[in-house]
Amino acid sequence: MCGRYYIEPDSRDETLLALLDELARERGNCEAPAAMRLGEIFPAQIAPALTSDGPRMMKWGYTGSKNRVINARSETALEKPMFRNSMLFRRCLLPASGYYEWQRTPGGSKTKQKFALFTSAPLLFMAGLWRQEQGEDLPVFVILTRCAAPGLAWLHDRMPVILPPQAQRAWLNKTADPAAAMALAIEEVDFSPAG
């Protein structure tokens, strides 16, 4: 968790439309906005993010020693050298319509059932961390995860830290306590089979 998320390309959500408009104005006609993903977003793709300085386009995943690191455990991010400075000074929000998880089908089959997970709002905001890496044109981000809410533990033991509106401003505030914002994380997440 979380290995894929999605932004509805036809979303009429005013917050998302304003964010995309601001990114388009800021970047003009350069290549990056065209490379930004809507729809299903995979690791290493470019997606919109909100920072304390406003919206930015970012690439999903920190460079790790062996693989791209796409998630960080919220409980230990301050202890890990890879995430500590980002947790203190470079927090972001990742807008999404929802995210995906997979469950193995019964009977020992190797096939998996894909599920879409979402909230009642048309747009949710996942807590993330970001940094600028050498050799990358754009900043890179990871999504913070936490233990799954009781109603989702059957599907996966982790879920993204999804912040409600009252915690989002504090999350982006560099002087605010990140733990206090994460303590308000949303527990109620709906799900349905996805194609």
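## Strand β12 and its partners

In this predicted model, strands β12 and β13 (residues 158-160) run antiparallel and are joined by 3 bridges. Within this pairing, Cys-147 has Arg-158 of β13 as its bridge partner. Strand β11 (residues 124-131) also pairs with β12 in the antiparallel sense, over 4 bridges. Here Trp-130 stands opposite Phe-141 of β12.

Two further pairings of β12 are parallel. Strand β4 (residues 54-60) runs parallel to β12 and is joined to it by 2 bridges, and Trp-60 has Phe-141 as its bridge partner in β12. Phe-141 is thus listed against Trp-60 as well as against Trp-130. Strand β7 (residues 71-73) pairs with β12 over 3 bridges, again in the parallel sense; the partner of Ala-72 in β12 is Leu-144.

## Burial of β12

Strand β12 covers residues 140-147, and 7 of its 8 residues are buried, so the strand is largely enclosed by the rest of the structure. Cys-147, the residue bridged to Arg-158, is partly exposed, with a relative accessible area of 47%. That value falls between the 20% limit for buried and the 50% limit for exposed.

## Cysteines

Cys-92 is buried, at a relative accessible area of 0%, whereas Cys-147 is partly exposed. A disulfide is a covalent bond between the sulfur atoms of two cysteines. Counting a disulfide requires a pair of cysteine sulfur atoms within 2.5 Å; by this rule the count is 0 disulfides.

## The open sheet

Five strands form an open sheet with antiparallel pairing, in the order β2-β1-β9-β10-β15. Its edge strands are β2 (39-41) and β15 (190-193), each of which pairs on one side only. From one strand to the next, the twist averages 35°.

Inside this order, β9 (residues 98-104) and β10 are antiparallel neighbours paired over 6 bridges. One of the residue pairs joins two glutamines: Gln-103 has Gln-113 as its bridge partner in β10.

## The loop between β10 and β11

Strand β10 (112-118) and strand β11 are separated by a loop that contains Ala-121. The strands on either side of this loop have been met above: β10 belongs to the open sheet, and β11 pairs with β12.

Ala-121 is partly exposed, with a relative accessible area of 35%. Ala-121 and Pro-164 are separated by 43 residues in sequence, and their C-alpha atoms are 10.0 Å apart in space.

Notes: Residues are numbered from 1 along each chain as its sequence is written. This is a predicted model: local features need pLDDT of at least 70, side-chain atom pairs count only at pLDDT 80 or more; totals for chains, interfaces and linings use all residues. Side-chain values use heavy atoms; hydrogens and water are left out. Buried means under 20% relative accessible area, exposed over 50%, partly exposed in between (1.4 Å probe, protein chains only). Two strands pair if DSSP finds at least two bridges between them. Axes are lines fitted to C-alpha atoms, for helices over the stretch in contact, and angles run from 0 to 180 degrees between N-to-C directions.
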